[in-house]
Amino acid sequence: MNSTPQVNDESGDACSGAYHPDGLRIELATSAGATPSPSAERLERAEPLGRVEPSERIEPIGPVTPVAPTPGGPGRAPPPAPDTLADDLVLLEGGTFLMGSGDGSGFPADGEGPVREVRLRPFRIGRYAVSNARFAEFVAATGYCTDAERFGWSFVFVGFLPANFPPTRAVAEAPWWRQVFGADWRHPEGPHSSIAERMDHAVVHTSWNDAQAYCRWAGVRLPTEAEWEYAARGGLVQKRFPWGDELRPGGRHMCNIWQGTFPTVNTGEDGYVGTAPVDAFEPNGYGLHNVAGNVWEWCNDWFSPTWHRTGARVDPRGPATGSARVIRGGSFLCHASYCDRYRVAARSSNTPDSSTGHTGFRVAADA
Ligand SMILES: [Ca+2]
Ligand SMILES: [Ca+2]
Ligand SMILES: [Cu+2]
C-alpha cells in the first residue's frame, strides 16, 4: 500500500461508472492503485475559490472527528425518500427585476455590475439545495459516478483534515484547499469521513457535470444565473442580502458563513463550521433557504464578467461558450475579510469538472 488514502471501497458503495448523462460508458480503472493522477491544470484552475494573500501558516481548525464509513452497498435500500421533488419546487411569477449590483462592493473582475433590468418568464426553483439524501436516491437509481470519483480526488478545506493526515497538495493561490484522494460526495473530508449523520445537508463535491446528470435524471434543470438571482432576492429590490441590507438583523444569524479569522479560526457562531441542513435558517421572501452561504450553487450559464453588459435582457442564458460555469451564493467558508460573495449580487465560477467541499447545487424547472 502506498501512503495515499484510497477510496474506501469496503462498503461496496463505489460508483459503478455505468451511467453517464450522454449515454457514454465511463471506463474506470478498477485495479488497485490505478487512481488517475490529478491534472496540474485542474489544480491551477481552482482559483476562483478565493483571492487573498496565502497565509504563511495553516493551522488545522477543529479537526473533524473521523466517523465510520457509510454502511451500505448495492443491496442497501436507498434512504427513505423525502417529499416528492415537485413539492420542493416553488413557482415564481417572473417579470422584471433589477439584476446585479452597482455599489462597488464586489470584486470588479467578477462583473456584478452594472445594474440592469432583466425580464424572466415564470419558472420553478428548489426551496433547498439538493441534499445528500436526494443525491443518494439518484446514485442508487443510476449508479452514477461523480467527477470527483472518476478523478479519484476532490478539494477539501484544510481545517477539516485531522492533524495526522498525510501531506496534501494545495492550490497555490488558496492554500487552504487541499487535494484529497478519496474525497467525494459520500466522503466529504476524505475516505474516512461519512455523510451518515448529514443526509439532510447540502450535497457537496458535485461538479457542474454531476449537477447536470442529476437534473436529467430528475427531469429538472439548473437555474440560469438570472433565475437564480431573481429567486435569491426573494422579491426585494437591490438589497445586499436575500433578507435585506443588514448581515445580522437584530443580531440573528441569517445564513451559514464563517465567523472568526479566516482560514484558521472558525467559531461556528452561526451553528455550523461546515455544511448545514438544507432547510436551516429562515427562508427568503420566496421561501428559499440558504441561497446565501452554506454551499455555492451551480448555475447553467457559462461565466463571463462582461457578457451581460450587452447580452440579452429577456430570459438571459449567458454566453454561448466559455471555460467555467457560474456559481452563486457563497458558502460556509465565506467571510467579509477575504470573500464577501455571500452578497446576493455576488458571482464566481469554476470549471465544469471541478468539485469542492463547499459547492453543491439547487435545481429549477420550467413553470
Ligand atoms: Ca458557519
Ligand atoms: Ca447557497
Ligand atoms: Cu466566499
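**A hairpin and its neighbouring strand**

In this predicted model, strands β6 and β7 make up a hairpin, with two residues lying between them. Strand β6 covers residues 169-171, and its antiparallel pairing with β7 rests on three bridges. A helpful pair to look for in the structure is A170 and R178, since R178 in β7 is the bridge partner of A170.

Strand β7 also pairs with β5, which spans residues 153-157. Here the two strands are again antiparallel, and five bridges connect them. To trace this pairing by eye, one can start at S154, whose bridge partner in β7 is V180.

How are the three strands ordered in the sheet? The order is β5-β7-β6, in an open sheet with antiparallel pairing. Strands β5 and β6 are the edge strands, each of them pairing on one side only. On average, neighbouring strands of this sheet are turned by 40° against each other, with direction ignored.

Why is strand β7 described as largely enclosed by the rest of the structure? The strand runs over residues 174-181, and six of these eight residues are buried, so β7 is largely enclosed. A residue counts as buried here when 20 or more other C-beta atoms lie within 10 Å of its own.

Definitions and conventions:
Residues are numbered from 1 along each chain as its sequence is written. Chains are lettered from A and ligands numbered from 1 in the order in which they are written. This is a predicted model: local features need pLDDT of at least 70, side-chain atom pairs count only at pLDDT 80 or more; totals for chains, interfaces and linings use all residues. A residue is buried if 20 or more other C-beta atoms lie within 10 Å of its own, exposed if 12 or fewer, and partly exposed in between; C-beta atoms are placed from the backbone. Helices (H or I, at least four residues) and strands (E, at least two) are DSSP runs, numbered from the N terminus. Two strands pair if DSSP finds at least two bridges between them. Axes are lines fitted to C-alpha atoms, for helices over the stretch in contact, and angles run from 0 to 180 degrees between N-to-C directions.
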